[in-house]
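Reader: Hey, got a minute to walk me through this one? I'd like to start with the terms and then get to the side chains.

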Amino acid sequence: MNGLADRLEALGKVVELGEGRLGEPVLRQARRVVKQAGERMALSGELTVVALVGPTGAGKSSLFNALTKADHAEVSVRRPTTSAVRAATWGGESPAKLLDWLDVGQRHRLEGGDAGFSSLVLLDMPDYDSVESKHRQAVDRLVGVVDAMIWVVDPEKYADSSLHDDYIKAMAGYSEVMMVAFNKSDQLSEADASRCVKDLRRLLDANAAQNTPIIATSTLTGAGVDALREVLARVVGAKVAMARRLGGDVSAVRKALDADLGPIANAAMNRRVVAELHESMKGAAYVPVIAAQIEEAVRKRGFAVTGWPFTSRRAVSSAAILKKLAKRQSIPLEAGDAPTFSGSVQRARVDQCLRDFTNATTGELSDGWARSVRAAATSGEDELIAGLNKVAATQLAPQQDAWWWHIFQAVQWLCALACLAGLLWAVGGLFLPMLGYPGLPAVTWLGWPAAAWLFVGGLVVGTLSGLLGRALVAPVARRAAKHATDALETEVHKLVSDRVLTPVQAEFDRYLELVTAVKAV
Amino acid sequence: MAEPPLDAALQRVRDGLEAVYVPLPLPSAQPAVDLAKRLTAQLDGYIMPRLESMGAPLLVVVGGSTGAGKSTLVNSLIRHPVSPSSVLRPTTRVPHLVHHPGDAGWFSGTRVLPDLKRVAKAGDQSRALLLVADDAVGEGLAILDAPDIDSVVAENRQLAQELLDAADLWLFVTTADRYADAVPWDHLRQAAGRNATVAVVLDRVTPKARKEVEGYLRAMMEDAKLGAVKLFTIPETDVDDEGLLPVPVVAEVLAWLKELAADAARRQAVIARTLAGAIRQLTRQAPAVARAMDDQHNALEDLRAEVVKAYQSAEDAVASQTADGSLLRGEVLASWQEFVGTGEFFRAVERGIGSLRDRVAGALRGSPKQADEVGAAIEHGLDFLIRERAEAAAARILELWGAHAAGKTLIAAADWPVGRGSGNLSATAAELVRLWQADILRVVSTEGQAKRARARFLALGVNGVGVALMIVAFSQTGGLVGAEVGVAGGTALLAQRVLEAVFGEDAVRKIAKQCRDDLLRRVHELMAAEQERYFALIDAQHVDQSRPTALRAAVADVNRAREDDRRLMAVVGGGSVDAGRQAKADAGQDGSPKTGASKAEPPNGATRSVPVEGPSQSGGAARGGESDGAGPSKGVGAASKPVAAEDVSSGGAARPLKAGGAR
């Protein structure tokens with residue numbers, strides 16, 4: 001077990017880390033204990049505050065008088081008798097600040113006498129079981145702050161439900177700083193009294209208060225008062241009651257914290273779940289769609305450049321057609337008509353990615369922590385979506401044609417020209433002499449007229465180069481798409497890491513830090 | 001039918017209380033169950049048997065705090081150590097009922113306190129009753145030594161409450177130390193509240209303090225409106241060898257009890273007063289049980305309202321996002337522009353382009369590939385939107401329900417993940433979009449048949465026109481398409497133009513609206529199916545309002561009937577002693593006072609007329625009382641007669657016994 005100061009420090013850290021993540025009742029309790037313990041320790045580590053607590057008529061005030069050897073407390077047959085808290089201190093200066101903190105109005109300073117009591121503050125309290133509910137409130141408040149308690153009971157009331165069920169059961173953790181005075185023992189024969197004490201012992205043990213001693217007392221005969229005084233002096237002299245009491249408070253909080261946290265979760269992100277998030281986020285960023293668009297654009301452009309000049313005319317971009325159409329229909333095309341991806345569908349997709357991710361991640365966490373992890377995962381959603389759109393809008397299609405396209409283009413043109421020349425030559429050779437012009441020289445290559453060579457050769461080579469161009473453009477387009485995909489994926493990956501995984505990891509780290517702190521409480 | 005209306009109504013209240021059903025752990029639930037249990041026990045153990053036999057001996061219950069000296073007092077009153085007293089707390093475990101030997105028949109059966117087992121010897125039994133016949137107790141009066149009301153043994157406290165509820169007269173024992181304790185005063189106030197007859201014994205008073213303590217206690221009693229209650233003081237004295245207080249000390253209490261035992265009329269008055277008070281108290285407390293059941297119903301309705309709200313906002317979101325053009329982004333917009341950029345679309349919009357070629361081209365080609373892509377993109381986007389909204393609604397419900405105790409119960413009761421959409425949500429959503437698109441294509445082809453611009457229609461193909469129609473439907477705010485839409489306005493206008501060219505201006509508006517309405521109707525159906533899962537969870541709790549309503553009606557009946565019931569008016573009566581004698585005689589004959597009494601009585605018809613005409617007599621109080629005397633006594637027979645004679649009533653009368661035994 002760590003020292004009280006360390007435990008309180010850990011508890012302070014738990015409060016800080018658990019803000020908004022732990023249940024509010026637990027936090028409130030923890031905050032109260034931290035504050036109360038701090039205040040109490042700052043006030044005095046020397047003094048021990050002991051309260052006489054008991055039901056009405058059990059003789060608390062008589063016992064107070066017997067212990068102080070004075071008649072400060074009013075003793076009466078009227079029930080309930082004592083309604084105000086009364087404090088007695090021995091020698092020295094009155095610990096005014098401590099008594100102010102305890103909110104005790106009636107103070108009695110006793111001169112000298114009991115050396116063992118020099119650092120004792122003894123409180124006489126009202127009852128907790130009478131028709132005066134205010135008394136009970138006062139008792140409940142002080143029972144929560146005093147260092148040690150003497151429960152005063154009598155033969156009539158030692159088995160009351162209000163003592164055992166309402167107090168002892170809840171205060172089992174403080175059994176070391178409690179003692180029970182079985183008062184008015186003079187009313188019974190010695191044998192009966194010891195039977196009663198045994199019975200009382202049984203009742204206390206049943207509520208795990210084994211460490212609480214019972215002392216039979218009688219203020220009438222004075223029996224047991226000295227014994228009580230001795231036990232009291234020992235408690236006060238040991239100067240551990242305060243630390244034990246506060247330790248009990250801290251232990252109670254620890255128990256509540258454990259209950260609130262539930263089983264400790266494995267607060268780490270599963271690699272598979274993270275991979276799934278990245279994958280689904282790519283879809284939400286329309287990476288495949290953009291890549292397909294780029295591939296299509298490159299292919300079209302490549303076909304247009306490398307294709308047969310007479311047929312590739314139709315490869316005009318659809319954007320150009322759209323513009324033309326809009327102009328002719330006098331429809332204004334606005335910025336909103338540019339193909340952006342942001343919008344409700346994209347948000348829906350991102351929402352869904354994040355929801356699947358947090359559902360898979362928070363399974364083991366307590367409700368409060370699951371909520372905080374969800375909040376962390378969605379904290380950067382707006383920036384994430386803006387980032388995804390920025391990525392999508394990046395011009396990733398290659399702006400320049402590949403150099404060899406133009407070789408194909410030149411070849412195509414040459415072939416086209418050759419074709420044309422051959423045609424003209426043939427036509428010229430046929431018709432010019434008819435019109436009386438001098439005929440064209442009939443050149444034959446390898447037994448065939450040159451015109452035929454030019455025409456057929458141009459046609460064949462052009463077609464072949466066109467086919468070859470097509471075949472070569474397709475991989476270029478695919479590469480461009482692949483390149484865009486890679487670039488986009490890197491960006492999306494980075495965005496997801498920055499905007500989702502980092503805050504979630506921070507939340508997990510916080511959780512683990514808190515669990516460590518709780519263990520130190 | 002022969003059963004007096006009060007008994008019948010009380011039986012219905014009892015049924016209503018037993019039917020208390022509060023499955024949700026609301027703050028009012030457990031108290032209601034406890035209260036219902038307690039009231040049922042009081043009905044079975046006291047009110048019903050007492051109404052049936054008003055002449056049974058008066059039951060004095062000696063109750064109070066632990067260590068107040070109850071057992072010693074009882075022993076001293078009968079001058080016998082029958083009830084063990086001890087310095088150990090709590091003492092009395094098995095309550096002792098001391099009665100006159102002649103009254104044995106009244107108590108040996110299950111007439112009163114039916115669910116306490118009668119035992120001959122005190123042992124460790126729980127929920128038992130030890131009968132002690134002793135002629136120190138006068139005939140017509142019995143003394144019951146109850147357990148303490150405030151000891152650590154919870155079972156004792158509960159039994160004490162039950163016995164106090166069954167008392168005709170409560171002898172409250174307290175001491176000079178105890179008299180200001182909160183717990184007994186709660187009980188005393190309760191007794192005062194229901195007008196039960198109480199006497200207070202102040203025990204263990206030192207002679208010195210007697211005057212002072214008596215004074216304080218008196219003052220407290222006055223404050224609690226118990227000023228008129230009899231107060232006995234017993235001084236602190238030594239007990240004799242048998243543990244009995246000296247005779248002079250208890251003489252006053254003894255004399256008072258003897259007097260009461262001897263005076264049948266006064267006894268009857270005490271009985272009637274306490275019984276009337278108990279019934280009145282019952283009618284005041286039972287509605288709390290009904291209210292707790294209302295709370296259950298209301299809590300479930302609140303949960304239902306949250307479900308409705310979550311899915312309503314999901315529907316609203318889908319409606320607004322499919323109307324403001326925000327769906328026309330990304331994939332849809334890109335593929336649409338791709339589609340618009342094809343020559344077919346161009347030609348369809350531009351007038352004056354040869355129709356023959358288009359017709360041929362359209363017929364050959366079918367629908368352009370791009371139109372299909374637009375359709376797929378729309379399907380994709382819409383599917384995502386609907387699914388996500390449904391998922392968000394489910395997550396919202398989990399959050400809202402998780403904040404209530406009632407909601408948590410339902411979440412725990414569900415065997416499916418409450419925060420998620422249904423398992424086949426994605427299939428349903430995809431199916432929804434597909435069916436909607438199929439419908440649109442059907443509308444388009446039907447409408448298209450009759451239109452003049454068949455050429456354009458054919459150029460685009462059914463699918464082309466279909467996607468144009470979807471685009472228009474998604475950018476329709478108040479039936480208008482245009483620049484005010486802001487998002488993708490130009491795109492939408494293009495779609496609008498092509499549709500106008502095909503269908504004409506007015507038709508476009510109508511058809512687009514129809515498509516949108518169709519979509520929203522389908523979305524509504526999907527969301528309704530989703531929320532139905534939650535309704536099923538709520539309905540599975542089987543909380544309805546019939547139970548509290550029946551209980552309230554029964555309480556109202558009791559309130560009406562008790563006004564007229566003569567048995568409760570015996571306060572001034574004098575002749576009730578006959579009832580006791582009669583019953584006693586029967587008891588001797590048969591062993592069971594109940595059946596014995598019923599056999600001895602004349603037929604119902606004759607006895608019923610007496611109580612009916614009784615109240616109409618306006619004679620003097622004494623004379624009225626005299627003639628009334630026969631009423632209550634014969635009423636006993638009237639009430640119990642049907643028990644043996646009629647199925648219905650015997651069923652009703654048998655139930656408490658069975659219920660008691662089962663407990």
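Author: Sure, one term up front: buried means under 20% relative accessible area, exposed means over 50%, and partly exposed is in between, with a 1.4 Å probe and protein chains only.

Reader: Good. What sort of model is it, and what are the ground rules?

Author: It's a predicted model, where local features need pLDDT of at least 70, side-chain atom pairs count only at pLDDT 80 or more, and totals for chains, interfaces and linings use all residues. Residues are numbered from 1 along each chain as its sequence is written, chains are lettered from A and ligands numbered from 1 in the order in which they are written, and side-chain values use heavy atoms, with hydrogens and water left out.

Reader: Ok, try the burial term on His108(A): buried or exposed?

Author: His108(A) counts as buried, because its relative accessibility is 17%. His108(A) is in strand E3 of chain A, residues 106–110. Helices (H or I, at least four residues) and strands (E, at least two) are DSSP runs, numbered from the N terminus.

Reader: And what does His108(A) touch?

Author: Leaving out residues up to four places away in sequence, His108(A) touches His72(A), Arg86(A), Ala87(A), Ala88(A) and Thr89(A). Contact here means heavy atoms within 4.5 Å.

Reader: Switching to chain B. How many helices and strands?

Author: Chain B has 25 helices and eight strands. Of its 663 residues, 57% are buried. For contacts in chain B with a separation of 6 or more, 81% are between residues 24 or more positions apart.

Reader: How much area does chain B expose?

Author: About 26200 Å², with carbon and sulfur atoms supplying 53% of it. That's Shrake-Rupley with a 1.4 Å probe, and for residues only the protein chains shown count as cover.

Reader: Salt bridges next. How many over all chains?

Author: The count is 68 over all chains, where a salt bridge is a side-chain nitrogen of Lys or Arg within 4 Å of a carboxyl oxygen of Asp or Glu.

Reader: Which residue does Asp168(B) pair with?

Author: Arg50(B), in a salt bridge at 2.3 Å, N to O. Asp168(B) sits in the loop between helix H5 (154–165) and strand E6 (169–175) of chain B and Arg50(B) in helix H2 (residues 29–52) of chain B, so the pair ties together parts 118 residues apart in sequence. Asp168(B) is buried at 1% relative accessibility, and Arg50(B) is buried at 3%.

Reader: What about Arg204(B), who's its partner?

Author: Glu156(A), with the closest N and O atoms 3.3 Å apart. This pair crosses between chains, from strand E7 (residues 197–205) of chain B to the loop between strand E5 (148–153) and H6 of chain A. Arg204(B) is partly exposed at 27%, whereas Glu156(A) is buried at 7%.

Reader: Which residues share a network with those two?

Author: Salt bridges with shared partners join Arg204(B) and Glu156(A) with Asp129(A), Lys157(A), Asp160(A), Asp150(B), Arg178(B) and Asp181(B).

Reader: Last topic: which residues of helix H14 of chain B are buried?

Author: Ala406(B), Gly407(B) and Leu410(B), in a helix that covers residues 405–413. They're on the same side of H14(B), because they cover an arc of only 95 degrees around the axis; the arc is that of the directions from the helix axis to the C-beta atoms.

Reader: And what do they pack against?

Author: The buried residues of H14(B) pack against helix H9 (264–321), helix H13 (369–401) and helix H18 (505–539) of chain B.
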